[in-house]
Amino acid sequence: MELSRRHLLGSALTLSALQLFPGISQAQARKLVFATFTGSWEEAHRDVLVPAFKKATGQDVLLDAMLSVDQIAKVAAARNNPPIDVMLHDPGPALTAIGQDLVEPFPVASSKNYKDLIPEAQDPMGPSMFFQVVGLTYNPEKIKTPPTSWADLWKPEYKGRVGITNLNSTLGTGFLVEIARMHGGGEGNVEEGFKAIDKLKPNLAAVAANPGALAALYQQGQIDISPGNFNAIQILKARGVPVEFVAPKEGAIAFKTSIHIVKNSPNKALAAQLIDVALSPEVQGKLMQAPYLVVPTNAKVKMEGEIAKVLAKDTAEMKKKFVFQDWKKINENRAAWIDRFNREIKL
């Protein structure tokens, strides 16, 4: 009886699994679950990463979109039988997941693409598959003069037109830290940042649960200006939503987003293969194109188009132009900040 191509791919994958992780058996396998982020990230991964992974392995993957804090909570609640195989984290949650022993090392030695990542993206506990950049976003039909500073959000003419996210998202926490820095604070002291956001309340139209929900508010016409993710705004523009991105003069916030194998996953080999596909120049090159415009970490991918025009021509320029925050320091107090924000910043 002739073997099907899918069966051959499955057999090859099983052999690869046994080589990468000798303790795994085929009987343990189930469909791979990748906990990606909500909004534009889920769309980008469904459109680009999932088909590339299926082409490379013959296997499917289930995307489960949620914030990092929810990913960590789910895995921590079921350590011996986690419902997630691959997690995606910004710097703060990545440190938390590693510190709680929820992830395990990526098999660097057998990876095809790890060696091609820029040094800042190479971490065996979870390589970074892209950068995120946070700046000012606005509706050019409603705001004729482009904003130039984070301080513009407090202008009286923006009363009832500003959107922000809560601190469960990296965008929200990063924004708080930068506002604190503008008033003499920083990662170790955000008191002035909280005072400033309290003064922002008259201008606030909404506090979104996550960056995806914040971006949707532009579609619904509920906000006209906000901190925002570069790539989320580009996807809105591709849909015809009037919105633009600008790096504030204080410097836009840039941070790495890493991808991790969940400890005790029954799909460790598949998880490793998904990560390797995510690190490939083919996938990163496609994600860099419109409408996704995700900033790549693979050095083989040349920055071009809107990313080169608006953000940076290469990673060296990006490191000079943008603000990289100390997430180890932020994590020391972030839980208390989230609790305080949820109590005090109410519309």
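Two aromatic rings, from Phe, Tyr or Trp, count as a pair here if their centres lie within 6.5 Å. I start with that definition since the rings come up shortly. One caution before going on: what you have in front of you is a predicted model.

By that definition, the structure holds six aromatic pairs. I will take two of them in some detail. The pair of W41 and F130 is stacked, with 4.6 Å from centre to centre and 10 degrees between the planes. W41 sits in helix α2, residues 40–57, while F130 belongs to strand β5, so this pair ties together parts that are 89 residues apart in sequence. Are these two residues buried or exposed? Both W41 and F130 are buried.

The other pair I want to show is F106 with Y114, and this one is tilted. Its centres are 6.2 Å apart, and the planes make an angle of 35 degrees. F106 has a relative accessible area of 5%, and Y114 has one of 8%. The cut-off for buried is under 20%, so F106 counts as buried, and so does Y114.

There is also a cluster: ring pairs link W150, W154 and F175. And one ring has a charged neighbour, as R340 lies over the face of F194, at 4.2 Å from the ring centre.

Next, the strands. I mentioned β5, and it leads us to strand β10, residues 253–262. How much of β10 is buried? Nine of its 10 residues are, which makes the strand mostly covered.

Three strands pair with β10 in what I will show. Strand β5, residues 128–138, runs antiparallel to β10, and six bridges join the two. One place to find this pairing on the screen is S128, whose bridge partner in β10 is S258. Strand β3, residues 86–89, also pairs with β10 in the antiparallel sense, over four bridges. Here you can look for L88, which stands opposite I259. Then there is strand β4, residues 103–104, again antiparallel to β10, with two bridges. In that pairing V103 has V262 as its partner.

Now two residues with a backbone angle to note, both in loops beside strands we have just seen. D101 lies in the loop between α4, residues 91–99, and β4. D101 is not a glycine, yet its phi is positive, at about 60 degrees. Its relative accessibility is 39%, so D101 counts as partly exposed.

The other is N264, found in the loop that runs between β10 and α9, residues 268–279. N264 has a positive phi of about 70 degrees, and it is not a glycine either. With a relative accessibility of 35%, N264 counts as partly exposed.

While we are on the backbone, there is a cis peptide bond to point out. It goes from A290 to P291, and its omega is near 10 degrees. P291 is in the loop between α10, residues 281–288, and α11, residues 305–311.

Last, the cavities. How many of 30 Å³ or more are there? The count comes to three. The largest holds about 170 Å³ of space. It is lined by 17 residues, and those closest to its centre are F37, L67, D90, T170 and P211. Two elements give two or more residues to this lining, namely α5, residues 170–182, and α7, residues 211–219. By class, the lining of the largest cavity divides into seven nonpolar, eight polar and two charged residues.

The second largest cavity has a volume of about 60 Å³. Which elements supply at least two residues each to its lining? They are α7, β8, residues 225–229, and α8, residues 230–238. Among the residues lining this second cavity are T137, L171, P211, L214 and Y218. P211 is thus a name you have heard already, as one of the residues closest to the centre of the largest cavity. The lining of the second largest cavity has eight nonpolar and four polar residues, and no charged ones.

To go back over the main stops: the stacked pair of W41 and F130, strand β10 with nine of its 10 residues buried, the cis bond from A290 to P291, and three cavities of 30 Å³ or more. That is what I had to show.

How values were computed:
Residues numbered from 1 in each chain as written. Predicted model: local features only at pLDDT ≥ 70, side-chain atom pairs only at ≥ 80, totals over all residues. Heavy atoms only, no water. Buried < 20%, exposed > 50% of the residue type's maximum accessible area, 1.4 Å probe, protein only. Pairing = 2+ DSSP bridges. 1 Å grid on protein atoms, 1.4 Å probe; cavity = no way out; pocket = protein on both sides within 12 Å on 5 of 7 lines; lining within 4 Å. Points joined across faces, edges and corners; volume = space filled by probe spheres on them. Nonpolar A, V, L, I, M, F, W, Y, C, P; charged D, E, K, R; others polar. Phe/Tyr/Trp six-rings, centres within 6.5 Å; stacked < 30°, edge-to-face > 60°. Lys NZ or Arg CZ within 6 Å of the ring centre and 35° of its normal.
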